[in-house]
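Here's a quick briefing on the pockets of one protein model. Have a look at the structure first, then we'll walk through the open spaces.

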Amino acid sequence: MTKEDIVKQSLQQFLLHGIRKITIQQIIACMGISTKTVYKYFKSKEELLEACLTMHYQGFKLTLDEYIQQDLNPVMMFLNLFQNSLEEDFKAAPVFYHDLNYYYPNLQDKIQAKELSGYGTYMLQSLNKGIEQGFIIPGINPPVVLHTFNILYRSITRSNEYIKYDLSPFELAANSITVYLRGICTTEGLRILNSIKSPLL
């Protein structure tokens, strides 16, 4: 079994069972390898987790690259991005992100900064492009808008902020992220949103 195979299968175990309570022995139980093989490549569970998170966010980066290559309308790009991100995030058990944010926040920030650097600039450029093309209202502050999108998204995926409402992630997004997205759209931007079939609308 290659190092990449170990990382790929370990990532699936983390996503299903969380991070804090699962051991190296439990992670490799279905792989048919010994702990010695794992420690040949990784000095610790945290080092293995770092490799897994790198793979996880590299997958997300591929999705962003697809949107960039498609050169989508900015309004469609944001909606598709949030929908895809929610679908990917909620393939994981909630305990995974709880553990990640509670016990390993610095590691998560480190990997995101490394793997997703530059994409914030792309998102800002998309907002400005949307303004220039008449899909997004002029006069907004793109960095503030992007920061607000991030806060809303993290409140759904990385916290228990809305747990009392007993709604699905898509229902929560439709009542928060989508409402905000509609709020920054012009009449033309809203026309595009209204023409799209999405669980966020």
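By class, how many nonpolar, polar and charged residues does the lining of the largest pocket have? Nonpolar residues number 20 there, alongside 13 polar and five charged ones. Keep in mind that this is a predicted model. Here's the rundown, pocket by pocket.

**The largest pocket**

- Its volume comes to about 1000 Å³.
- The lining of the largest pocket takes in 38 residues, and the ones nearest the pocket's centre are Tyr57, Phe60, Ser85, Gln112 and Leu116.
- Helices H1 (3–17), H4 (45–70), H5 (74–89), H7 (105–115), H8 (119–132) and H9 (142–157) each put at least two residues into this lining.
- H4 gives the largest share of the lining of the largest pocket, with nine residues.

**The second largest pocket**

- This one has a volume of about 470 Å³.
- Its lining is made of 23 residues, with Pro94, Ile156, Thr157, Ser159 and Asn160 lying nearest the centre.
- At least two lining residues each come from H6 (94–103), H9 and H10 (169–174).
- H6 supplies the largest share of the lining of the second largest pocket, namely five residues.
- Sorted by class, the lining of the second largest pocket has 12 nonpolar, seven polar and four charged residues.

**Where the two linings meet in the helix list**

- H9 supplies at least two residues to the lining of the largest pocket, and H9 also supplies at least two to that of the second largest pocket.

Definitions and conventions
Residues are numbered from 1 along each chain as its sequence is written. This is a predicted model: local features need pLDDT of at least 70, side-chain atom pairs count only at pLDDT 80 or more; totals for chains, interfaces and linings use all residues. Side-chain values use heavy atoms; hydrogens and water are left out. On a 1 Å grid over the protein atoms alone, a cavity is a set of points where a 1.4 Å probe fits but cannot get out, and a pocket is an open set with protein on both sides within 12 Å along at least five of seven lines; lining residues have an atom within 4 Å of a point. Grid points are joined across faces, edges and corners, and a volume is the space filled by probe spheres set on the points. Helices (H or I, at least four residues) and strands (E, at least two) are DSSP runs, numbered from the N terminus. Ala, Val, Leu, Ile, Met, Phe, Trp, Tyr, Cys and Pro count as nonpolar, Asp, Glu, Lys and Arg as charged, and the others, Gly among them, as polar.
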